[in-house]
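Reader: I should like to learn how one reasons about a protein from its coordinates. May we go through the structure step by step?

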Amino acid sequence: MTGTAPDADLDRALGDFSGLRPRLFGIAYRMLGTVADAEDIVQDAWVKWQSYPDRAAVQDTTAFLVTMTTRLAINATRTARVRRETYLGPWLPEPVDTGADPSLGAERAAALETAVLVVLEKMTPTERAAFVLREAFDYPYGKIAEVLEVKEATARKLVSRARHGIASERHTPVDDEQQRRLLEAFLDAARAGDLDDLEALFATEVASYSDGGGKPVRASRVPVVGRDRVAKYVAAFASHFWTGVTLDRVEANGRASVLISRDGEAVAWLTVGAADSEHIDRVYWILNPDKLSRLAQSVGLTGGPAAQ
């Protein structure tokens, strides 16, 4: 009989934590932008919860674990920012197959789109946390204030600043079907190397971002900006990049995207953002093999160095 009570207590702790894991992972991923970093945060939270000396005194397990996870993510965000200052080329969040991974959507699928995560990366850790808790999980401002250890008025200001930052860098989002249609039109024009069609699809201030992570892949280390420049850039590599590839359509970060493979090996991931129902304002390419492996596995491919 010895140890029965402690074992039962640990089972309850595990059950409580497992039930909340999707939410905790969703917070950490939105804060950090990579699956591995998010999983590390969730694992750290479990270790702390498992060893917490007075779990019985915790009246609100959800609030306790959300607070713990958010604060761990805030600290990790500060460390990640330092690492990303030396990242070669544009840094983009790791795409995740939201069609196959219900843990990421959690209660609400907000604050997942690549364009939003890119803007969140520029914010302070507390602004990012406040926005994620409010937009993705519908937390009241009073609860956000408790998590961040600030006054409620400050929590409101943090969310407001984050919303303003996102609104200032992106147009009104189009619906899923319009975005999917623009992606398919882009793929047709890009594969054909059709300069006129590409220019017609792009907004005046379109920007193309390529994340190669300094790996042995060909990725532009600076954003390519402007309708003419992006169209010429995309058309220039059409003859060799698209040769012999297979395209797998996948819902990643809540939006239509495509995983590009050659000989069963993922070489790139691509999605677009929209300025309006007729024009693309962002093109996102990920060629960094470290960020392709999990998505590749979700569609039955292998991840590996991209070859162009």
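Author: Let us begin with a term: a residue is called buried when its relative accessible area is under 20%, and exposed when that area is over 50%. The model discussed here is predicted.

Reader: Is Asn253 buried or exposed?

Author: Asn253 lies in the loop between strand S3 (245-252) and strand S4 (255-262). Its relative accessibility is 2%. The limit for burial is under 20%, so Asn253 counts as buried.

Reader: What is the sign of phi at Asn253, and what is its approximate value?

Author: Asn253 is not a glycine. Its phi is nevertheless positive, at about 55°.

Reader: Is Glu149, in the loop between H7 and H8, buried or exposed?

Author: Glu149 is another residue that is not a glycine and yet has a positive phi, of about 60°. Its relative accessibility is 63%. Since the limit for exposure is over 50%, Glu149 counts as exposed.

Reader: How many helices and how many strands are there in the protein?

Author: Both kinds of element are present in the protein. The count is 13 helices and seven strands.

Reader: Which radius of gyration does the protein have, set beside that of a compact globule?

Author: For 308 residues, a compact globule would have a radius of gyration near 19 Å. The value for the protein agrees with this expectation, and therefore fits a compact globule; it is 21 Å.

Reader: What box do the C-alpha atoms of the protein fill?

Author: The box is taken along the principal axes. Its dimensions are roughly 70 × 45 × 35 Å.

Reader: What percentage of the residues of the protein count as buried?

Author: The count is made over the 308 residues of the protein. The surface that the protein exposes is about 14,000 Å², with carbon and sulfur atoms supplying 50% of it. As for the residues that count as buried, their share is 51%.

Reader: Which helix gives the largest share of the largest nonpolar core?

Author: In soluble globular proteins, nonpolar side chains tend to be buried together. The largest such core here has 51 residues, and those with the most contacts inside it are Phe17, Met31, Leu120, Ile144 and Leu148. Elements that give two or more residues to this core include helix H1 (4-32), helix H2 (35-50) and helix H3 (61-84). The largest share, 10 residues, comes from H1.

Reader: How many residues has the other core, which lies apart from this one?

Author: Among the members of that other core are Ala190, Leu198, Val206 and Phe237. Its number of residues is 33.

Reader: With which residues is Leu148 in contact, leaving aside its neighbours within four places in sequence?

Author: Leu148 is one of the residues with the most contacts inside the largest core. Beyond those sequence neighbours, its partners are Thr70, Ile74, Thr126, Ala129, Ala130 and Leu158.

Reader: Is Ala45 buried or exposed?

Author: Ala45 lies in helix H2. Leaving aside neighbours within four places in sequence, it is in contact with Phe17, Met68, Thr69 and Leu72. Its relative accessibility is 0%, and therefore Ala45 counts as buried.

Reader: How far apart in space are Val234 and Ala189, C-alpha to C-alpha?

Author: Val234 lies in helix H11 (residues 227-236) and is buried, with a relative accessible area of 0%. Not counting residues up to four places away in sequence, Val234 touches Phe186, Ala190, Leu198 and Trp285. Val234 and Ala189 are 45 residues apart in sequence; in space, their distance is 9.2 Å.

Reader: How far apart in space are Val272 and Tyr52, C-alpha to C-alpha?

Author: Val272 lies in strand S5 (residues 265-274) and, at 5% relative accessibility, counts as buried. Its contacts beyond four places in sequence include Gln179, Leu182, Phe186 and Ile280. Val272 and Tyr52 are 220 residues apart in sequence, and their distance in space is 44 Å.

Reader: Is Asp281 buried or exposed?

Author: Asp281 has its place in strand S6 (residues 280-286). From Gly226 it is 55 residues away in sequence and 9.3 Å away in space, C-alpha to C-alpha. Its relative accessibility is 6%, so Asp281 counts as buried.

Terms used
Residues are numbered from 1 along each chain as its sequence is written. This is a predicted model: local features need pLDDT of at least 70, side-chain atom pairs count only at pLDDT 80 or more; totals for chains, interfaces and linings use all residues. Side-chain values use heavy atoms; hydrogens and water are left out. A nonpolar core is a set of buried Ala, Val, Leu, Ile, Met, Phe, Trp, Tyr and Cys residues joined through side-chain atoms within 4.5 Å. Buried means under 20% relative accessible area, exposed over 50%, partly exposed in between (1.4 Å probe, protein chains only). Helices (H or I, at least four residues) and strands (E, at least two) are DSSP runs, numbered from the N terminus. Contact means heavy atoms within 4.5 Å. The radius of gyration is taken over C-alpha atoms; the globule rule is 2.2 Å times the number of residues to the power 0.38. Accessible areas come from the Shrake-Rupley method with a 1.4 Å probe; for residues, only the protein chains shown count as cover.
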